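The following note is offered to a colleague who is meeting this structure for the first time. It takes up the ligand site, one pair of helices and some points of the backbone.

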Amino acid sequence: MTARPHPWYATAFGAHYPLLYRHRDAAEAQRCLDLLPALAPFGDGPVLDLGCGHGRHLALLGRQGVRVVGLDLSPHLLAIASAQTPRHPLLRADMRAIPLAGGTCAAVLSLFTAFGYFGDAAANAAVVAEIAHVLRPGGHWYLDFLNSVRVTAELAAGPLATEREQGPLRVRETRRLDANPARVVKEVSLAPLPGRDDEAAGWGVPLPGVRYAEEVALLTLAQLDAMAAAAGLARVAAAGDYAGAPLDDDSPRWLLVYRRGGKEDR
Ligand SMILES: C[S@@+](CC[C@H](N)C(=O)[O-])C[C@H]1O[C@@H](n2cnc3c(N)ncnc32)[C@H](O)[C@@H]1O
């Protein structure tokens with residue numbers, strides 16, 4: 001586990017997160033959930049949404065009758081998830097130490113890049129080991145990750161900066177590549193718009209504002225497959241977007257399904 005006292009992901013997924021990612025809505029979550037069981041069935045048993053955030057997938061899965069458990073580190077996002085899906089168990093924990101008994105989950109979901117936060121491949125392998133531990137034999141890990149080839153190509157010419165108004169906030173973002181380990185860094189600066197301080201404070205952004213830098217490891221497919229294999233997981237399906245297009249270097253997403261080996265008990 002990291003020794004950093006206040007890592008970036010403790011700030012980035014604060015109360016403001018649902019406002020910044022408002023476009024990542026229930027309709028998109030539904031498209032993702034329509035695809036995943038078509039790539040490989042969830043199986044009979046609890047599904048763990050690892051890094052469930054404010055619960056947009058939890059709510060939909062619950063409505064489909066799936067037995068689902070959410071885990072996240074952010075108290076702000078878990079509070080929203082709890083209000084929206086009061087019937088489903090929610091765990092506040094670090095994904096490198098999942099507080100569930102080994103071999104109990106039929107599926108683990110890591111959706112919308114809820115992965116790759118801890119540094120190099122070895123550091124992120126701690127998450128894969130935990131996932132493999134809680135999966136039952138024959139269970140599946142569904143990873144919805146960024147396409148690191150495409151992101152690297154997009155930012156090869158240099159950083160990309162954007163600025164926008166979102167609700168009561170001015171949002172400035174700069175995306176750039178960094179090395180050792182290879183990663184994409186997004187520097188984010190949030191500040192209340194003039195005269196909207198109270199509203200901004202309600203989204204967790206007091207004056208003079210909030211700054212942080214998100215970092216996601218640019219893991220290659222080969223690295224992801226190797227990390228999974230080291231934990232006893234083999235890739236059994238893949239797609240390049242939520243509609244199920246084939247995966248290639250230009251795919252918007254990498255949707256990867258890994259199966260835990262071993263003898264199934266059902
Ligand atoms: C990009 S968001 C995705 C959220 C959700 N899966 C969705 O699609 O809306 C990543 C999530 O991972 C959670 N997270 C970040 N670091 C974590 C950690 N160390 N342990 C558990 N959850 C973590 C964040 O709080 C956030 O909710």
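1. Helices and strands are named here from DSSP runs, a helix (H or I) having at least four residues and a strand (E) at least two, with numbering from the N terminus. On this footing, P181 lies in the loop that runs between β7 (169–178) and β8 (183–192). The reader should bear in mind that this is a predicted model.

2. That loop deserves a look at its backbone. The peptide bond joining N180 and P181 is cis, with omega at about -5°.

3. A second cis peptide bond should be checked as well. It joins L207 and P208, and its omega is about 0°. P208 is placed in the loop between α8 (197–202) and β9 (210–217).

4. Which residue has a positive phi although it is not a glycine? The residue is F112, whose phi is about 50°. F112 is found in the loop between β4 (105–110) and α6 (121–134).

5. The ligand has 21 residues around it, and the closest are G51, R56, D72, M95 and L111. Sorted by class, this shell comprises 14 nonpolar, four polar and three charged residues.

6. Several side chains place N or O atoms at short listed distances from the ligand. For R56, a side-chain N or O atom is 2.7 Å from an oxygen atom of the ligand. For D72, the corresponding distance, again to an oxygen atom of the ligand, is 2.5 Å. For D94, a side-chain N or O atom is 3.3 Å from a nitrogen atom of the ligand.

7. How much of the ligand does the protein bury? Taken alone, the ligand exposes 590 Å², and the protein buries 98% of that area. The elements contributing two or more residues to the surrounding shell are α4 (56–63) and β2 (68–72).

8. Helix α4 also belongs to a helix pair. Its axis and that of helix α3 (residues 26–39) come within 9 Å of each other and cross at roughly 60°. The pair is therefore classed as oblique, since an angle counts as roughly parallel under 35 degrees and as roughly perpendicular from 65 to 115. The crossing of α3 and α4 is right-handed.

9. In reading the model, the colleague may wish to begin at α4, which gives two or more residues to the shell around the ligand and crosses α3. The cis bonds at N180 and P181 and at L207 and P208 may then be inspected in turn.

How values were computed. Residues are numbered from 1 along each chain as its sequence is written. This is a predicted model: local features need pLDDT of at least 70, side-chain atom pairs count only at pLDDT 80 or more; totals for chains, interfaces and linings use all residues. Side-chain values use heavy atoms; hydrogens and water are left out. A residue is near a molecule or strand if one of its heavy atoms lies within 4 Å of it. A polar contact is a pair of N or O atoms within 3.5 Å; within protein, one must be able to donate a hydrogen and the other to accept it, and residues adjacent in sequence count only if both atoms are side-chain atoms. Accessible areas come from the Shrake-Rupley method with a 1.4 Å probe; for residues, only the protein chains shown count as cover. Ala, Val, Leu, Ile, Met, Phe, Trp, Tyr, Cys and Pro count as nonpolar, Asp, Glu, Lys and Arg as charged, and the others, Gly among them, as polar. Axes are lines fitted to C-alpha atoms, for helices over the stretch in contact, and angles run from 0 to 180 degrees between N-to-C directions. Angles under 35 degrees count as roughly parallel, over 145 as roughly antiparallel, 65 to 115 as roughly perpendicular and the rest as oblique. A crossing is left-handed if the near helix is turned anticlockwise from the far one by less than a right angle, and right-handed if clockwise.
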